[in-house]
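Thanks for coming, everyone. I'll keep this short, so please bring the structure up on your screens.

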Amino acid sequence: MSTAYEAVIGIECHVELKTKSKMFCSCPNEFGGEPNTKVCPVCLALPGALPVANKEAIDHMIAAGLAFSAEIPAFSKFDRKNYFYPDMPKDYQISQYDMPLTQGGVVRYWLEDGTMKECRLTRIHLEEDTGKSTHAGGGDGRIAGSTHSLIDFNRAGVPLMECVSEPDIRSAEEAVGYLEALKRTFVQLGVSDVKMEEGSLRCDANVSIRPAGAKEYGTKTEIKNMNSFRSVYRAIESEIERQIGVIESGGRIVQETRGWDESQGVTHSMRSKEQAHDYRYFPDPDLVPLEIDRALVDRIKATLPQLPPQRFERYHGEYGLDVKQATQLIDNLPLADYFDKCVAASKNPQQSMNFVLGDLSRLANETATPVHESPVTPEHLAELIALVEGKTINSKIAKELLARVWNGEGSPKAIVEKEGLAQTSDTGEIEKFVVEVLASNEKAVADYKSGKTNILGFLTGQVMKASRGKANPALVQDLLKQKLG
Amino acid sequence: MADVVRMTAAETAAAVNSGTLSAAEVTDAMLAHVDAVDDRVGAYLTRLHELAREYAKRVDERVRGGEKLPLAGVPVAVKDNMCLTGTRTTAGSKILENWIAPYTGTAVQRMLDAGAIPIGKANMDEFAMGSSCENSALGITRNPYDLTRVPGGSSGGSVAAVAAYEAAIGMGSDTGGSIREPAAFCNTVGFKPTYGRVSRYGLIAFASSLDQIGPLTRTVEDSALAYEAMAGWDRMDSTSIDRPVEKASTALRGDLKGLRVGIVKQFVTEKLGAEIHALYQQTYKELENLGATLVEVELPTADYGLATYYLIAPAECSSNLARFDGVRYGLRVEGGDVGAMYEATRAAGFGPEVKRRILIGTYALSSGYYDAYYVKAQKARTMFANDFKRAFETCDLIASPAASSPAFQFNAKSDPYSMYMMDYYTIPMSLAGLPALSVPCGWITPEGGDRPMPMGLQLAAPLFEEVKLLGAAHAYEQGTKHASKYDAMVVSA
């Protein structure tokens, strides 16, 4: 390759909101079910039916906007996007055109090496989902070759937010990082389940390339049909490569929509810009303009949890957890909250992380009980860490203790005190065990004396065993060496 | 029996509530009358014999149970763009010719809850687009005062039913004059409340920002009663207004003392011909005689009403009518693929006027024209609202003709524009969302006609001043008694 290229990528993401009812009617907003059982005159667009906006969805939008430091304008409105489509009952979609609920904002995310990145948002707007078509009677589920189509309107009218990014993304890896950031933020806010397999997150990518360092944008293509983060990664990689190939061979990029073919691993042309719709947007006269109360915005702001980038900076930057550990915690919010409480109680992030992601997560898996619901409270863990750090118990005993606390036997401190498990540094007491062990291991003693000094490990172990783990291992070794001369 | 069908809503409700007449008796009499005359009038597309009797039974049970119902046993004609569970609801269109509504709209439900009896679904211009009822794809409705003439539109069936005593109340919808103009044509009172007063839920949309349901009745008092029953906030319609509905039926006045009535300088009645001009001069004089003070007011934008309306209403209808696509309900004409099916269905299902407005509206909203047409029309609309606000600083009500002429003969308006001109006086009030009504104000024998035809006075009030409006209209009605001068041809013959 003679020239170094840089990719310029923007992403449009549709995310179904988690609400009790649909966007403009009182039908339940639930995935699946028998076809056409979650429908009413409004979401079927029967003659005379009217939409009424869902307040919960609007609150979710405000929370999402605030999470990305977006502006929440005082006024917003719904517009009609007019086009014919069989699974869109009104043959227009209620959406937002020039006055979205949120404007601007920044998505901060991190890459696998821990680098923090930023991607500006253009806007997030609120709209409604369509139904689902199934093509039947041949054609293997495709329109071509089918004899008829079946439509399920259960999904029609489900609230959908569309997040439009600025073209700030420069690689497939960044695209996935950005999407993961959206996903974990929406999940943590409780505004969406973000299940790609149920279609509650769908995204398109606008991709262009230009010589590295150039100011102008190249001609972009829009990539559709990507149904997992992995396919987003592969599709973008493939499209960048394709575009470089076209340019290198003296060709020009055509502005068009391209579909990602998962099995072939390539994008193919779907339609060119010339065939683009004129959606004839206009304000929906059935819905009154939205006035967003500042007090509501403040109220929602006050309920926002600590957001992923802040947590990441704390875990990775401040506590020194590695990227994987930090990400693992952040993606399991109850566990992260539990971890934060442990840190607060123990003032020891590294040890807290070791226990939370180590023994506690293992116990959680074995017993199918989430850590935060187990009998081990953050205070218990803090006690345990203090016992280890103060050398009252060693790590082996700590492990056993933790299992007993998990089983509900009470606080670590209480068990240690009750059973006298505290590590001893009493030379007299330890010496008794040393003498005992040396007396009953004559062969080992002889071996040592003949020069096999690594037998010391075995002898130390025997002493520890005799002391039921309580002896201070360093003292044991000192005493053994002394006795063995 | 004839006496029963001629009773006003107020009289019927009083009789049924007091037990001197049962809702079943009223309903039977009414259904018999409809069966006797409606083949000539054509007010109804669907007669609801069974349903009406069922409701009558319910009302009688409720009255026997001690309830006093404001519309007990009152026969009602429901315009066929309003959904009523289990009834064919066509909007006057082939595309919905066999569609049975699976739900009931709010306004209809409130009328039924108040004790009204649904006698039938009334004919209308297709999707409420028209001023003569001639645009119905499903039937002809004749003016009960001259069967060779149109009843007006689009609420032509509802008004004809009321005029021919086939109902005491007609439920109509008014987008640019579709209640007021037919009321004027058929010697009835037609009342369009403030936009948002009556829920549109269950009303098949024409132009959402203008559509308003209201009553057609033979007396102002009946309009007040019907208004009280149907108006009020509805959680199913976000554009419905959440404020109390003041009682209008108990605030009806006997004179117009202390009221300033504005006569719009720009509404020059001379251009309507000498006879009509003279009639309205007489009408204004009558207002004065009843105690009103006449003041001249300006409505500088008056001449832009039609142009503004014929951008906004078609733009909204082009989108509202998209759902009639053959996919889920109504007419479907098969085609090779879904696109061909859409085209074949809509080509066969919509009539010429509906297609014309969808085309105009689609054009007005399309990229590159949106700002020049739709946005500009919305700005003009704000100017109308401001002009009226200014005018109402010097007057309490505005008086004008309700229509540009008396009812005309079938096929008399061959070009759309002359038909649109019928609504010249009613459209500005619609654009401003104002409450307005038409009340009978005299008779004119049209050129080439052999019997006098009724004319209507339009009165308009500031937003939410329905009580003042109905009160004044009642004073005018009682002070002049124009309506009772002639009876409908269909019953007098």
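Start with what helix H5 of chain B packs against. Its buried residues touch two helices and four strands of chain B: helix H4 (49–64) and helix H8 (220–230), then strand E2 (75–79), strand E3 (117–122), strand E4 (169–174) and strand E6 (212–217). Keep in mind that this is a predicted model.

Why is helix H5 of chain B largely enclosed by the rest of the structure? Seven of its eight residues, in the run 106–113, are buried, so the surroundings largely enclose the helix. Here are the buried ones: B:Thr106, B:Ala107, B:Val108, B:Gln109, B:Arg110, B:Met111 and B:Leu112. After the helix comes B:Gly115, with a positive phi near 105°.

Now the cores. B:Met111 turns up again. In the largest nonpolar core, of 166 residues, B:Met111 is among those that touch the most other members, along with B:Val76, B:Ala77 and B:Leu459. Another core lies apart from it, with 103 residues, including A:Val42, A:Val52, A:Leu101 and A:Cys342.

On to chain A as a whole. It has 15 helices and 16 strands. What is its radius of gyration? Chain A has 31 Å, whereas a compact globule of 485 residues would have one near 23 Å. Along the principal axes, its C-alpha atoms fill a box of roughly 95 × 55 × 50 Å. Of the 485 residues in chain A, 39% are buried. Last, the contacts. Take those in chain A with a separation of 6 or more: 69% of them join residues 24 or more positions apart.

Conventions:
Residues are numbered from 1 along each chain as its sequence is written. Chains are lettered from A and ligands numbered from 1 in the order in which they are written. This is a predicted model: local features need pLDDT of at least 70, side-chain atom pairs count only at pLDDT 80 or more; totals for chains, interfaces and linings use all residues. A residue is buried if 20 or more other C-beta atoms lie within 10 Å of its own, exposed if 12 or fewer, and partly exposed in between; C-beta atoms are placed from the backbone. Two residues are in contact if their C-beta atoms, placed from the backbone, lie within 7 Å. The radius of gyration is taken over C-alpha atoms; the globule rule is 2.2 Å times the number of residues to the power 0.38. A nonpolar core is a set of buried Ala, Val, Leu, Ile, Met, Phe, Trp, Tyr and Cys residues joined through C-beta atoms within 7 Å.
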